[in-house]
Amino acid sequence: MMGVGSARIAGFGHGVPGRCVENAEIEQSLGLETGWIERRTGIRTRYWAEDGDTLSGLAVKAGAMALDNAGTDRSEIGLMLLATSTPDHLLPPSAPLVAHKLGLVNSGAIDLAGACSGFLYALTLADGFVRTQGKAVLVVAANILSRRINPAERASSVLFADAAGAVVLTPASDPATGILGTDLCSEGSGYELISITAGGSNKPFSPERAAEEYLMTMRDGREVFSRAVDMMSSASKRALDRAAIETGAITRFVPHQANVRIFQAVAANLGIEPERTVCSLDQFGNSSAATIPLSLSLDAAARPLQDGETLLLAAAGAGLTGAAVVYRA
């Protein structure tokens, strides 16, 4: 522990269900003209769970890939964090089951419900654990949102998808690497903009409630758009300031893949060119907390991270919650 100066990302992983859903299927069901979804969101395809798929199974797939990619023995993992809004059950948490299936015999495990910002919250907490305990952490973000979509609501049914992404954080000695700046924020005034109104303790399950109350709804897409852009932009600027890093030093901007117009607006606010922005949205849609680690894993497989590269990660989502992280490889 005396030699822990930072936490480095040692491995990446991801997983998606087998069913690929093209825009035409959704456009036809909603009566939309061909090309409507891609023009407004940037999405062409997404993956949806099939019968028999589970959130824990998707998380295990991504976690196993990250552990293998890192070459980290499972006995070395001291903590597993699962960022999800769609656990297998309301109780118990899904993380202990995922840890068990992965063979993490020496690990704590807990769910984190941070919506679209959940991965960055988990990454920040994992960084602190690695630094103070000197043990590796597996961070997984996974969601099966297709089972929470209201197929009659255009705002959400065109966007959301199912996926998992994961990273392994391990102790490192160089304090000039790892997470250099973080900003976590929230705006409870936007609490009801994106929600599943029933099923919690406030509105418990009841046969009298309409089925739509148990499905996701987005009340005001324009308000969500503007608030997401503001949160991601301001959080990113604060994280960069705390890291004492200029935007020009960022080699890869990895935003939450909510809508191409949102992260294009954030990149423009920050002065980040399109070629530095990592995008998986077109093929994989919006899987909430899973989009950033999914994008990281896909991009790192195509273009391995080089020592000294500096990444900016940013997200905003339901709650409202927001976060940004500056990371140096």
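Reader: How much area do domain 1 and domain 2 bury between them?
Author: In this predicted model, domain 1 and domain 2 bury about 4000 Å² between them, with 64% of it on carbon and sulfur atoms; buried area is the accessible area (1.4 Å probe) that two parts lose on being put together, summed over both.

Reader: Which three residues supply the most on the domain 1 side?
Author: Cys 116, Leu 120 and Arg 148 supply 17% of the area that domain 1 buries against domain 2, more than any other three residues.

Reader: And where do the domains run?
Author: Domain 1 covers 6-172 and domain 2 covers 178-328, with bounds that come from an automatic or database domain assignment. The contact (heavy atoms within 4.5 Å) takes 51 residues from domain 1 and 49 residues from domain 2.

Reader: Switching to charges, how many salt bridges are there between the two domains?
Author: The count is 1 salt bridge, a term for a side-chain nitrogen of Lys or Arg within 4 Å of a carboxyl oxygen of Asp or Glu. Asp 282 forms a salt bridge with Arg 44, and their closest N and O atoms are 3.4 Å apart.

Reader: What should I know about numbering and cut-offs in the model?
Author: Residues are numbered from 1 along each chain as its sequence is written, and side-chain values use heavy atoms, leaving out hydrogens and water. Local features need pLDDT of at least 70 and side-chain atom pairs count only at pLDDT 80 or more, whereas totals for chains, interfaces and linings use all residues.
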